[in-house]
Amino acid sequence: MSNAGLQRYYADLHIHIGRTERGEPVKISGSRNLTFAQIASEASDRKGIELIGIIDCHSPGVQYDIHQSLDRGDMVELEEGGITYGRTTILLGSEIEIREPGMGPAHLLVYFPHLKVMEEFTGWLSKRMKNVGLSSQRLHAPARTLQEEVAARGGMLIPAHIFTPHKSIYGSAAPRMEDVLDLSLIRAVELGLSADSEMAGYLSELDPFTILTNSDAHSLGKIGREYNELALSKPNYFEFEKALNRQDGRAVTANYGLNPRLGKYHRTYCSGCQSILDEQNIAVQRCSYCGSTKLTKGVLDRIRSIADREVPEVPAHRPPYKYQIPLEFIPGLGPAKLTALLEAFGTEMNILHRVSAEELASVVGPELSAAIVDAREGRTQLTAGGGGTYGKVRKP
């Protein structure tokens, strides 16, 4: 279909809240300044991201903060779904932990169009969750029951960071998503920081699904470390839903993410000798360096072990996956120089996508300008991450 009249927007749909405005904990491992209002400000004013998903909006304390922002007139709820602040629209989401009998835990993302619907969902969760005020809590109900509840309320469900070794569908729950969930009630899948769409191509089960790449941010600075480019008429819930369904020309047109080698769980890690096993053909049951069996299987190695293809196949509908190094990963680009770039060019999205090498050099010099352009175009040299430690960008 024609995409006439559509525009391109950047979207990061997985951002945590650390505390409420009153200091109540939500995501224990999240930064204290990750409040609803500060996330909105960071996304709009510093990052330049037009669509974000805040995925702890089931918390009553967060809902109180949202009402306060709406009552003050700082934000406006859209009839088309979402809440606007500045140039950014916020989608109301929740991350929920499931655990089916005989399986490991997995995290799922849920989104609803309006605050009233999210509040009603909180009432349902509160009877099936020990502490509905906290993030990523265990749901004491079958996963398919959750899917049905979400669908009945007009929501969307998306499995989170599907390959991560801890608390994900493929990483810890099951070798096939259909063993855990009703595939007909899944709107998209989120890859996570240690995988890309080619790696997803090893599993034919994923072929029908739109892929998202999101930050899973636990601090303001991590917002936008992975993100998506969307073709929409406007940034709102129902347009986003159409993009996931690849409907009326709406679509995810690009995934921007870390090269999987930079992810914390890309390769298998030995806790016996603290080694990352980064060879092509590793012994997956025992460390090739010290012989220990204390291994955390990396994403790539897990995918290979459950793959139903020997060679990955990427469906034609899947957009390009573009390796994007976050600005904070670039050696030599410290806070002072990043601030200078922001003062000159407005937002991180401008710096990453729109500003020429010559303009960048006029602020930070030719060497850093070249490093930013190399990061933008996927030309940086990397060392692999594993065992909870990020990979690194090598200095030239």
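Arg72 is exposed in this predicted model, with a relative accessible area of 53%. Its salt-bridge partner is Asp74, and the closest N and O atoms of the two lie 2.7 Å apart. Asp74 counts as partly exposed, at 39% relative accessibility. Between the two in sequence comes Gly73, just after helix H2, where phi is positive at about 85°.

Helix H2 itself is worth a closer look. It covers residues 60–72, and at 1.5 Å a residue its 13 residues should span 18 Å; the end C-alpha atoms are 18 Å apart, so expectation and model agree. Gly61, Val62, Gln63, Asp65, Ile66 and Ser69 are the buried members of H2. An α-helix has 3.6 residues a turn, so residues three or four places apart point the same way. The buried residues of H2 pack against helix H1 (36–47), strand S4 (83–85), strand S5 (88–98) and helix H3.

Thr20 provides a link to this helix from elsewhere in the chain. Thr20 sits in the loop between S1 and H1 and is buried, with a relative accessible area of 4%. Beyond its neighbours within four places in sequence, Thr20 contacts Gly61, Val62 and Asp65, along with Val26 and Thr35. The C-alpha atoms of Thr20 and Asn33 are 8.8 Å apart, although 13 residues separate the two along the chain.

Turning to the interior, the largest nonpolar core holds 92 residues, and Phe36, Phe121, Leu146, Phe163 and Leu206 have the most contacts inside it. Helix H3 (residues 115–126) gives the most to this core, contributing six residues. A second, separate core of 20 residues includes Leu91, Ile158, Ala188 and Leu230. For Leu206, the contacts outside its neighbours within four places in sequence are Ile162, Phe163, Tyr170, Met177, Val189, Ala200 and Arg318.

Asp12 is a charged residue in a buried setting. Located in strand S1 (residues 7–15), Asp12 is buried yet has no salt bridge, and the nearest side chain of opposite charge, that of Arg225, is 7.2 Å away. What does the side chain of Asp12 reach at 2.9 Å? The partner is the backbone nitrogen of Gly224. A polar atom of the Asp12 side chain also lies 3.4 Å from the backbone nitrogen of His14. Among the residues that Asp12 touches are Ile49, Leu51, Asn214, Ser215 and Tyr227.

Salt bridges number 15 in total. One of them joins Arg8 and Glu229, with closest N and O atoms 3.2 Å apart. This pair links distant parts of the chain, since Arg8 lies in strand S1 and Glu229 in strand S10 (residues 227–232), 221 residues apart. Arg8 is partly exposed at 47% relative accessibility, whereas Glu229 is buried at 12%. Elsewhere, Glu42, Arg46, Lys47 and Glu348 are linked in a network of salt bridges.

Lys167 and Glu97 meet in another salt bridge, at 3.3 Å from N to O. Here, too, distant parts of the chain are linked: Lys167 is in the loop between S7 and H5, Glu97 is in strand S5, and their positions lie 70 residues apart. Lys167 is partly exposed, with a relative accessible area of 35%, while Glu97 is buried, at 5%.

The backbone of this loop is also of interest. Most residues other than glycine have a negative phi. Lys167, however, has a positive phi of about 65°. His161, in the loop between strand S7 (156–159) and helix H5 (169–173), has a positive phi near 25°. His161 is buried, with a relative accessible area of 8%.

Terms used
Residues numbered from 1 in each chain as written. Predicted model: local features only at pLDDT ≥ 70, side-chain atom pairs only at ≥ 80, totals over all residues. Heavy atoms only, no water. Helix = DSSP H or I, 4+ residues; strand = E, 2+ residues; numbered from the N terminus. Buried < 20%, exposed > 50% of the residue type's maximum accessible area, 1.4 Å probe, protein only. Lys, Arg positive; Asp, Glu negative; His and termini not counted. Salt bridge = Lys/Arg side-chain N within 4 Å of Asp/Glu carboxyl O. Polar contact = N/O pair within 3.5 Å; in protein donor to acceptor, adjacent residues only side chain to side chain. Contact = heavy atoms within 4.5 Å. Core = buried A, V, L, I, M, F, W, Y, C linked by side-chain atoms within 4.5 Å. Expected span 1.5 Å × (residues − 1).
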